[in-house]
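Biologist: Could you walk me through this one? I'd like to hear about the DNA contacts and then the symmetry.

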Protein chains: 2
Amino acid sequence: MSALTPDMVILGLLHHKPQHGYDLLACFHDPEQLGRVWKLSTSQIYNVLKRLEQHTYIIGRAIESDTSPARIEYHITALGESQLMAWLNHPYPSASVRKIRVEFISRLHIARLLGHPITPIIEAQRRACEDELSRLQTEREHALFGTYSLVTDLVIGQLGAIMAWLPLCEIEEKS
Amino acid sequence: MSALTPDMVILGLLHHKPQHGYDLLACFHDPEQLGRVWKLSTSQIYNVLKRLEQHTYIIGRAIESDTSPARIEYHITALGESQLMAWLNHPYPSASVRKIRVEFISRLHIARLLGHPITPIIEAQRRACEDELSRLQTEREHALFGTYSLVTDLVIGQLGAIMAWLPLCEIEEKS
DNA sequence: TATCCCTATTCCATCATAGAATAGGTTTAT
DNA sequence: ATAAACCTATTCTATGATGGAATAGGGATA
């Protein structure tokens, strides 16, 4: 269970368009884009870029300019692209409430940006939630009180709300 | 916005009964107790104990024994108790989904353990959620599509599920 | 013409984190 | 009988995350 890092999201943004750290920062700060999804500091972005370059998912090249400070523009590699696609089309995503809130929405955001079909992504998420929900409902029958069942009830409710919300993700933007 | 740490929960457990780190560890690992709420490593418990002692919320004393290894038993101080009570009866708790999942349930767990009334805690949480819900619903009207409104819709759904779940918290354990 | 803000990145100190190391006692198995 | 494995109990260590300061030059503002 890896932690919640924006690596693949940044990879997706770089696939859409080669950019440097400051551009990405703006995207992650803008509430209309990913500002409501991630709360990232400056150094986090640059650390991810460094890591992605180490894995050779991206390559950076220095841009010299008279009008603006030196900057490094990163572009995605073929290896990075295959990693990104694997992440986008993950056949069995996590049904963790937190991951849905952050990772699933990020996946949708990137898929829309790249013009990828979003229906399979939503469908995979729906299946994962459905499975987890029925697992929890079975588990629920064995514990009738206490903190244990309270947590289970809360998560069941949360997954129910997510299942009701998932169809809204299909709605296309009107431009 | 402070991070999610089990400091006050440990303070509550020590108020219930003086204990040492290994005892607390067992409680945080037992799924019937706090195992479903927190995922803590060994060192985290001991770090919190160190921090709480630095703040003089607790005092540790070494216990010598022939049959078991040396250990340090911690007990709460008057200052610690006042901090604990302030946390338990927080008049306006966070309406963050994550904090409810972790902090609110912890508060309930500790209140039950100490024989404190839980109704005011639940009621305060309900008010906070209600306020946040109406704030989000207003906000919702201004953005009609995109990632921004998707996030808002998800959180609205989650808070709705929480409001429906809160009454279940009142139900007493049958022993 | 001094001050502030914007672009753009690096640096730094602190804190969190998981798990290994330690160490003595007890149970289990051969 | 004795090695192996496990339980109690805590500390240590290495890695990495984290937020914010530092840097630095250019342009805008007063």
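Modeller: Here are the ground rules, then the contacts, then the symmetry. This is a predicted model, in which local features need pLDDT of at least 70 and side-chain atom pairs count only at pLDDT 80 or more, while totals for chains, interfaces and linings use all residues. Residues are numbered from 1 along each chain as its sequence is written, chains are lettered from A and ligands numbered from 1 in the order in which they are written, and side-chain values use heavy atoms, with hydrogens and water left out.

Biologist: Which residues come nearest to DNA strand C?

Modeller: Of the 17 residues around DNA strand C (a heavy atom within 4 Å of it), the nearest are A:Tyr46, A:Arg71, A:Ile72, B:Ser43 and B:Gln44. Of the strand C atoms that come within 4 Å of the protein, 57% belong to sugar and phosphate.

Biologist: And what lies 3.1 Å from a phosphate oxygen there?

Modeller: A polar side-chain atom of A:His20 does, and a backbone N or O atom of A:Gly21 also lies 3.1 Å from a phosphate oxygen of DNA strand C. From chain B, an N or O atom in the side chain of B:Arg51 is 3.4 Å from a phosphate oxygen of that strand.

Biologist: Switching topic, how does chain B lie on chain A?

Modeller: A turn of 180 degrees with a shift of 0.0 Å along the axis lays chain B on chain A with an RMSD of 0.0 Å (least squares on C-alpha atoms of residues with pLDDT of at least 70 in both), which is the relation of a two-fold axis. The chain B C-alpha nearest the axis is that of B:Gln158, 2.8 Å from it.

Definitions and conventions. Polar contact = N/O pair within 3.5 Å; in protein donor to acceptor, adjacent residues only side chain to side chain.
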